[in-house]
Amino acid sequence: MATMESLIGLVNRIQRACTALGDYGGGGGDAATTFSSLWDALPSVAVVGGQSSGKSSVLESIVGRDFLPRGSGIVTRRPLVLQLHKTEGRQEEYAEFGHMPRRRFTDFALVRKEIQDETDRITGKSKHISPIPIHLSIYSPNVVNLTLIDLPGLTKVAVEGQPETIVEDIEKMVRTYVEKPNSIILAISPANQDIATSDAMKLAREVDPSGERTFGVLTKLDLMDKGTDALDVLEGRAYRLQHPWVGIVNRSQADINNNTDMIYARRREQEYFATSPDYGHLASRMGSAYLAKLLSQHLESVIKAKIPGITSLINKGVDEMEAELDHLGRPIAVDAGAQMYTILELCRAFEKIFKEHLDGGQLLVSLLGLGETMRQWCIFLLHIFKFIFLLLCQRPGGDRIYGVFDNQLPAALRKLPFDRHLSLQSVRKIVSEADGYQPHLIAPEQGYRRLIDGSLNFFRGPAEASVDAVHFILKELVRRSIGETEELRRFPTLQSALAAAACEALEKFRDESKKTVVRLVDMESSYLTVDFFRRLPQEGEKMGPTPSPGDHRTSSADRRNHPPSDRGNPSDPFGDRYAEAHFRRIGSNVSSYIGMVSDTLRNTIPKAVVYCQVREAKQNLLNYFYTQIGRKEGKQLAELLDEDPSLMSKRNEIGKRLELYKAARNEMDAVEWVR
């Protein structure tokens with residue numbers, strides 16, 4: 001059955017576990033800053049006093065053992081969490097350190113040495129201080145259940161070997177312990193000094209002005225000048241607190257040097273108060289034994305009152321840590337099947353985000369198959385909803401691809417140098433070169449073909465540029481999608497492999513897309529639309545016959561009345577064959593045909609790109625990667641799931657802390673049942 005004594009033991013265990021996990025109050029530990037500090041919620045007794053105030057002697061009197069390091073200057077340079085456990089019967093007294101949990105110390109001289117050695121391990125041989133506490137548990141039938149935190153003694157000046165900031169550093173450390181609401185302050189002041197100058201009482205009054213959390217202790221009562229006493233303080237007239245003052249008579253330096261038995265020292269202390277003419281009426285509430293009992297009872301009552309708050313904090317911490325573990329991701333199983341499943345799940349998460357980026361392209365795929373009137377109407381609606389889509393979804397991948405087809409491709413087609421290629425001089429030159437020594441009879445078919453082939457070659461550039469533009473967008477979407485897949489952030493190796501595989505697939509899709517769009521251009525060159533040219537003579541007849549410079553039936557008068565531009569240029573080597581109007585008509589006919597082809601390619605190039613790149617990227621982006629994954633063995637899969645070491649460390653730390661909180665919650669619940 002759980003009792004209040006076992007509850008104090010529970011608090012002790014939680015404190016030790018908190019320290020091991022980096023949560024030890026005093027502003028120390030990274031873990032303590034990540035989640036609410038459980039240490040700060042646990043009630044404890046912080047022992048505060050100036051140097052040479054008798055602080056160590058008080059603690060040793062409470063324990064009944066001589067175990068603390070002594071010397072001049074700052075002896076206590078790390079907080080000492082002293083946990084006392086009362087044992088039943090006459091069991092042998094022993095001590096255990098938190099950093100050496102499996103070793104029992106029965107020789108308390110070795111305890112003193114280990115405190116000193118452990119302090120030096122963190123601070124070195126210097127006189128610096130450290131907030132990392134030392135945990136010491138003492139099991140004895142001669143103690144009460146109690147937890148005390150011995151803090152470095154307050155000082156006013158730095159001595160040789162100490163850093164210049166030592167005064168501020170010590171005060172800052174002590175404040176972090178005594179400021180928290182659950183801290184019980186044990187303020188120790190020597191009776192042979194004016195209480196108004198006590199460093200401990202000055203600090204206690206600042207952090208606890210009402211005195212509700214402060215217990216005042218006067219040491220060295222036997223060293224006061226003859227004719228003086230400390231009754232005004234002990235009876236609460238000089239300095240009032242909510243709890244009674246306690247007087248202590250420590251061992252003298254001679255007693256310490258002679259290793260005077262602690263039990264004998266306690267008995268002599270009791271005799272001092274019982275026989276004192278000044279303090280006899282207060283003897284029942286004086287001495288170290290009474291102080292230990294008083295503190296133990298008060299600590300029990302404080303813990304009892306704080307149980308609901310501690311339980312609430314633990315429950316909150318459990319929820320926070322489980323949420324954080326879900327965010328970081330749970331540990332990966334070691335068997336190959338589970339690792340394979342994890343990799344596939346991560347790939348699906350990436351593909352889902354990548355496809356969401358491309359969702360804007362779905363409307364594009366449907367638009368490309370509609371009639372012109374309906375397509376223009378849908379494009380109008382698309383532009384209306386495009387801005388809303390960008391604002392709400394923030395996934396402009398499909399829209400950017402559509403921009404390539406709707407803006408970049410038409411603009412590139414408009415900039416093609418057809419005016420230069422189909423100029424009068426160029427047409428005359430190409431047609432005449434195609435005719436060779438034999439002028440064409442009716443229409444210069446070879447000239448037409450050369451003009452058309454030369455014009456169609458210009459379409460290769462915009463076609464391939466469209467492929468490259470879409471490829472760039474898809475690569476950017478892959479990079480962004482990997483960055484937005486939170487589950488992948490745990491695995492930088494898998495991230496790199498996934499990015500490389502996706503980009504390799506996009507390269508293949510790009511190559512296939514380029515081949516396809518170039519084929520579209522080549523198909524236009526390889527087979528001309530005959531009906532287009534068959535209609536030209538009919539359209540010419542409707543417009544009236546155009547006399548040919550080789551027509552012998554034309555009268556000389558007609559030739560004289562014909563404009564000079566239609567008779568050719570006598571200085572041009574080809575000018576004696578055909579009139580300019582003839583070549584202009586050829587250029588115009590080729591230009592009309594190229595315009596028709598341009599309209600066709602403006603529609604077919606996007607279809608080819610969407611089919612070969614966008615559609616493939618959406619459906620088959622990781623197909624080859626999946627094939628490779630299926631061939632990997634357990635060790636290779638584990639390498640892909642090699643997490644960031646800092647993330648693994650963080651998750652392990654949170655996992656350990658979560659176990660502590662859950663165990664503490666179970667024990668707290670058990671204590672509440674018996675209350």
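A nonpolar core here is a set of buried Ala, Val, Leu, Ile, Met, Phe, Trp, Tyr and Cys residues joined through side-chain atoms within 4.5 Å, where buried means under 20% relative accessible area, exposed over 50%, and partly exposed in between (1.4 Å probe, protein chains only). Keep in mind that the model is predicted: local features need pLDDT of at least 70, side-chain atom pairs count only at pLDDT 80 or more, and totals for chains, interfaces and linings use all residues. Residues are numbered from 1 along each chain as its sequence is written, and side-chain values use heavy atoms, with hydrogens and water left out.

**First stop: the cores**

Select Phe67 and Leu136, the residues with the most contacts inside the largest nonpolar core, which has 102 residues. Then add helix α11 (residues 288–328), which supplies the largest share of this core, 15 residues; helices (H or I, at least four residues) and strands (E, at least two) are DSSP runs, numbered from the N terminus. Another core lies apart from it, with 69 residues, among them Ile343, Leu413, Ala501 and Ala502.

Now zoom in on Phe67. Leaving out residues up to four places away in sequence, its contacts include Leu59, Leu80, Phe108, Ile115 and Leu136; contact means heavy atoms within 4.5 Å. Glu60 and Arg112 are also among the residues that Phe67 touches.

**Second stop: the sheet**

Colour the strands next. Nine of them make an open sheet with mixed pairing, in the order β4-β3-β5-β2-β6-β1-β7-β8-β9; two strands pair if DSSP finds at least two bridges between them. At the edges you will find β4 (100–105) and β9 (246–247), each pairing on one side only.

Begin at the β4 edge. Strand β3 (residues 94–97) pairs with β4 in the antiparallel sense over two bridges, and the two form a hairpin with two residues between them. Show alanine 95 to see it opposite phenylalanine 105 of β4.

Then cross to the other edge, where β8 (residues 214–219) and β9 run parallel and are joined by two bridges. Leucine 218 has glycine 247 of β9 as its bridge partner.

**Third stop: helix α7**

Select residues 199–207. This helix, α7, lies across β1 (44–49), β7 (183–190) and β8, at about 150° to β7 (axes are lines fitted to C-alpha atoms, for helices over the stretch in contact, and angles run from 0 to 180 degrees between N-to-C directions).

Which residues of α7 are buried? They are Ala200, Met201, Leu203, Ala204 and Val207. Those residues cover an arc of only 165° around the axis, so they sit on the same side of α7; the arc is that of the directions from the helix axis to the C-beta atoms. The buried residues of α7 pack against β1, α6, β7 and β8.

**Last stop: salt bridges**

Turn on charged side chains. The model has 29 salt bridges, each a side-chain nitrogen of Lys or Arg within 4 Å of a carboxyl oxygen of Asp or Glu. Staying with α7, pick glutamate 206, which meets arginine 175 at 2.2 Å, N to O. Arginine 175 belongs to helix α6 (residues 166–178), 31 residues apart from glutamate 206. Glutamate 206 is partly exposed, at 42% relative accessible area.

Finish with arginine 460 and aspartate 522, whose closest N and O atoms are 2.7 Å apart. Arginine 460 lies in α19 (residues 460–484) and aspartate 522 in α20 (residues 492–526), so this salt bridge ties together parts that are 62 residues apart in sequence. Arginine 460 is partly exposed at 31% relative accessibility, and aspartate 522 is partly exposed at 33%.
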